[in-house]
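I opened the notebook today to record what I looked up in this structure. My entries go from strand pairing to burial, then to aromatic rings and the chain as a whole.

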Amino acid sequence: MKKIVSLVAVLTVFAMLLVGCDTKFDMDKSIEKLKGKGLTEGVCYITEEECERATSLTNSEIAFMGGKFTVEIVKDYSLIENGDYSKSCTFITFATEEQATNFAELNIEYFAKGENSNNWKIARDGCVVVMTNLDVAMDVINLEFK
């Protein structure tokens, strides 16, 4: 009986590990899945020069919203729906998790004040913040959107 209980416990732990691996966020896989659902590339900042521009724009945005911090953008990749830039999913990779957390919290707070005409939702995983107003993106991406 003791061996059966031990075996069941080991199998349960193993099954939980397999399920846990499946739900881990992977930005590149999420982007590919969304492209498979018909989204196309929008505005992307990938090169060092582009990321410097994105950093400058984002820091201006943060100051406008009342934030008392700055960030550094490592990558900013957007997908759009049907060529409409107002319907998008943007993956922003920051230099640190702290920057990502501060940015996500500031935007959630700002949008909660009613400044969210496009119904943006935000999620964060590590250094990546995902901003979207697309149901398909929220369905595909394994993160909790607020």
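I looked up strand S4 (residues 121–125) and found that S4 pairs with S5 in the antiparallel sense over five bridges. For strands I used DSSP runs of E of at least two residues, and for helices runs of H or I of at least four, both numbered from the N terminus; two strands count as paired if DSSP finds at least two bridges between them. This is a predicted model, in which local features need pLDDT of at least 70 and side-chain atom pairs count only at pLDDT 80 or more, whereas totals for chains, interfaces and linings use all residues. Residues are numbered from 1 along each chain as its sequence is written, and side-chain values use heavy atoms, with hydrogens and water left out.

I then followed the link between S4 and S5, which form a hairpin with two residues between them. Gly-126, in the turn, has a positive phi of about 60°, and Asp-125 has Val-128 in S5 as its bridge partner.

I also checked S3 (residues 84–94), which runs antiparallel to S5 and is joined to S5 by five bridges. Thr-90 stands opposite Met-131 in S5.

Next I asked how many residues of S5 (residues 128–132) are buried. Five of the five are, so S5 is largely enclosed by the rest of the structure; buried here means under 20% relative accessible area, with exposed over 50% and partly exposed in between, for a 1.4 Å probe and protein chains only. In a regular strand the side chains alternate between the two faces of the sheet. In S5 both faces are covered, with Val-128, Val-130 and Thr-132 buried on one side and Val-129 and Met-131 buried on the other.

I turned to the aromatic rings and noted two aromatic pairs in the structure. In one of them, the rings of Phe-94 and Phe-103 have centres 5.1 Å apart and planes at 45°, so the pair is tilted. The rule takes rings of Phe, Tyr and Trp (its six-membered ring) with centres within 6.5 Å, and calls planes under 30 degrees apart stacked, over 60 edge-to-face and the rest tilted. Phe-94 counts as buried at 1% relative accessibility, and Phe-103 is buried too, with a relative accessible area of 2%.

Last, I noted the chain as a whole: five helices and five strands, in the order α-α-β-α-β-β-α-β-β-α from the N terminus on. Buried residues make up 38% of its 146 residues.
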